[in-house]
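I opened my notebook next to the structure and looked up a handful of things, one after another. Here are the entries, in the order I made them.

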Amino acid sequence: MSEISIRPAQITKIIPDSIAAEIGFEPGDRLISINGTRPRDLIDYQFLCADEFLELEVQDTKGKIHQIEIEKDYDEDLGLEFESALFDGLIQCNNRCPFCFIDQKPPGMRDTLYLKDDDYRLSFLYGSYLTLTNLPKKEWERIEQMRLSPLYVSVHATEPEIRIRLLKNPRSGDILKQLQWFKERRLQIHAQVVVCPGINDGQHLEQTLLDLAKFGRGEVPAVASVAVVPVGLTKFRPDEDELVPVSPEKAREVIQQVQNLQASFRKKLKSTFAWLADEWFLIAGEELPPESDYQDYPQIDNGVGSIRLFIRQFEELAAGILPKEVTPERRLTWVVGNAVEKAFDPICQSLNQVQGLKIQVVALNSEFWGQTISVTGVLTGQDLLMGLQGKDLGEAILLPTVMLKHGESRFLDDVTVEDLSRQLQVPVLMVHSVEELLNTAIADPFWRK
C-alpha cells in the first residue's frame, strides 16, 4: 500500500473565547503538526491535543509557517473546527451492495453524493456504518491501539455465502472471525441488518440474529445492539439487482419473527438486543412498540424508536411551554414524509388546541426516488415543489432539517431552501428539533416582518 498522504488540516471555524481565538487563529489557516506529529484525522488531533504542552506547526493563509507553543489544562479543547474530520483522505468502499443508496441515485447530482465511504474513523466519530471489508492490517492495529470503540458495522448476514452475495465481495465472508477479534480485545460494535426479501430474510435472518446474540454476552459484549432495517429502494437502481421492496405482508412477518426472538434475548441477555426500525411498523400499518421497549435508544440513528422519542420529547416540552393562546393568529404548514403521517397526528392535534394557531400537516411521498411510502429525510426539493405547488400553505412552511445536507440549506437534488421559498412564494422555516418546532410555532411570527 502506498504511503498515506496527510494534508495540513484546514481550519474553518474558531470557537469564540477559546485558546485558538486568544492566540489569533483565523479560518483558512492550516494545522501541519502537533508536537512533531502530523495528525491523520480528528481522532489523532484530539489524542495529541490532550497533552498540557503543545507545539503546533501552522501555515497561515499567506503561506507563512509559524511555530506556536501552548500551555493549557489537560484535555482542554483548543477551539478549532476543520473542513473535514479526515486529513488523509477517505477510505472508500469496494463492495457492490445492490441496496447501497449511493448506487441508487440518478446521474448528474453533485460529486460528493456519489462518494462511498467504508471508513472506521467516521464510524467511531459519527456513527456511520462500515462493513470491515476494506481495512488493511495497520488500520486494525490502530483500532486496537487507540481503543476505537464502539464502531457501527453493517453485518446484514453472518452466513458467509449470503453476506458475499449481498456485498459482492469475497472478503465479506469473514464477519464472524472479525466479531471474535472484537470480543478478544473487549471492543464493541453496534450492528445493522438490512433485510432484503428473498435473500437474507426468513431462516437467514434468524441465523444472523442468533449468531450475533452469541457476541452479546458478558461485561463488555462485542455486539452491543442490532438494528433490523427494511431495504430502501429507488427507481434508479439497476434492473438486474434481484431486489424486491418490502410489502406490508413481509413487514408483518419480520416483525413477528424478530419479536419472538426479542423475548428470548431479554431472558438470556437481559436486553432486547435486536430492535426493529420504525419503518417496519409504518409499512405494516401496525402500532409502534411502547417507549419502554427501546431501553436507552442504542440504535436511534438507525430510525429505531425515533418516532416514540420525538413524541415523548414533544409531550414533555409542550407541557411546559405550549400556551393556551397565541397572538397574532397564524397558519403554518408542517411537511413530513407520508410514512410518519399517522404517528404524528397526536402532535398536530395538540398544537391545534392552541387558540390562534392552525397547523396543517402535508405528508408527501418521494416521486423523485419513485417511492410510494417515504420517510421525511429522503424528500427532495422537487418532491416539495410538486407536492406543495398550488396548495394554501398559510403564512409559512415548517420543514425538518433532516431533509438537508448537513450544515447546508440544500436538498439532496441540489434545490435550495431559498429556491423553494421563492417558487412557492412563502417563507420556509427550518426546524432541527422538537424544541425548535414548538418555539417556531408559538413565537412572534417574525416572517411577517
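**Entry 1: leucine 56**

I began with leucine 56, which is buried because its relative accessible area is 0%, and buried here means under 20%. I was working from a predicted model throughout. I then checked which element holds leucine 56, and found strand β3, residues 53-59.

Which residues does leucine 56 contact, leaving aside neighbours within four places in sequence? I noted Phe25, Leu31, Ser33 and Ile34 on the lower-numbered side, and His66, Gln67, Ile68, Ile70 and Leu78 on the higher-numbered side. I also took one long distance: the C-alpha atoms of leucine 56 and asparagine 352 are separated by 56 Å, with their positions 296 residues apart along the chain.

**Entry 2: the whole chain**

Next I stepped back to the chain, where I found 14 helices and 13 strands. The radius of gyration is 24 Å, close to the 22 Å that the globule rule gives for 449 residues, so the chain is as compact as a globular protein of that length. Along its principal axes, I read a C-alpha trace of about 65 × 60 × 45 Å.

How much of the chain is buried? I wrote down 50% of the 449 residues. For contacts with a separation of 6 or more, I noted that 69% come from residues 24 or more positions apart.

I looked at the outside as well. The accessible surface comes to about 21800 Å², and carbon and sulfur atoms hold 48% of it. I then turned to charge: the chain has 48 positive and 69 negative side chains. The centres of those two sets lie 5 Å apart.

**Entry 3: cis peptide bonds**

I looked up two cis peptide bonds, and each leads into a proline. One joins serine 149 and proline 150, with omega at about 0 degrees. Proline 150 sits in the loop between α4 (137-146) and β6 (151-154).

The other runs from threonine 327 to proline 328, with omega near -5 degrees. Where is proline 328 placed? I found proline 328 in strand β10, residues 325-337.

**Entry 4: positive phi**

I then went to aspartate 75, a residue other than glycine with a positive phi, near 70 degrees. Aspartate 75 is in the loop between β4 (65-71) and β5 (80-82). Is aspartate 75 buried or exposed? Aspartate 75 counts as exposed because its relative accessibility is 53%, and the cut-off for exposed is over 50%.

Lysine 270 was my other stop here, with phi near 60 degrees, again a positive value in a residue other than glycine. I placed lysine 270 in the loop between α8 (248-269) and β9 (274-276). Its relative accessible area is 70%, so lysine 270 is exposed.

**Entry 5: lysine 168**

I found lysine 168 in the loop between α5 (160-167) and α6 (175-184). At 30% relative accessibility, lysine 168 counts as partly exposed. What does the side chain of lysine 168 reach? I noted a polar atom of that side chain at 2.7 Å from the backbone oxygen of arginine 165.

Not counting residues up to four places away in sequence, lysine 168 touches Arg96, Pro98, Arg163 and Glu242. I also checked cysteine 97, which is 71 residues from lysine 168 in sequence and 6.2 Å away in space, C-alpha to C-alpha.

**Entry 6: aspartate 413**

Aspartate 413 lies in the loop between β12 (396-400) and α13 (417-424). I noted that aspartate 413 is buried, with a relative accessible area of 12%. Which backbone nitrogens does the side chain of aspartate 413 reach? I recorded that of glycine 381 at 3.2 Å and that of glutamine 382 at 2.8 Å.

**Entry 7: glutamine 371**

My last look was at glutamine 371, in the loop between β11 (355-364) and α12 (381-388). Glutamine 371 is buried because its relative accessible area is 15%, and the limit for buried is under 20%. Its side chain makes a polar contact with the side chain of serine 374, at 3.1 Å. Leaving out residues up to four places away in sequence, I listed Leu233, Asn365, Ser366 and Val378 as the residues that glutamine 371 touches.

Notes:
Residues are numbered from 1 along each chain as its sequence is written. This is a predicted model: local features need pLDDT of at least 70, side-chain atom pairs count only at pLDDT 80 or more; totals for chains, interfaces and linings use all residues. Side-chain values use heavy atoms; hydrogens and water are left out. Helices (H or I, at least four residues) and strands (E, at least two) are DSSP runs, numbered from the N terminus. Buried means under 20% relative accessible area, exposed over 50%, partly exposed in between (1.4 Å probe, protein chains only). Contact means heavy atoms within 4.5 Å. The radius of gyration is taken over C-alpha atoms; the globule rule is 2.2 Å times the number of residues to the power 0.38. Accessible areas come from the Shrake-Rupley method with a 1.4 Å probe; for residues, only the protein chains shown count as cover. Lys and Arg count as positive and Asp and Glu as negative; His and the chain ends are not counted. The place of a charge is taken as NZ of Lys, CZ of Arg, CG of Asp or CD of Glu. A polar contact is a pair of N or O atoms within 3.5 Å; within protein, one must be able to donate a hydrogen and the other to accept it, and residues adjacent in sequence count only if both atoms are side-chain atoms.
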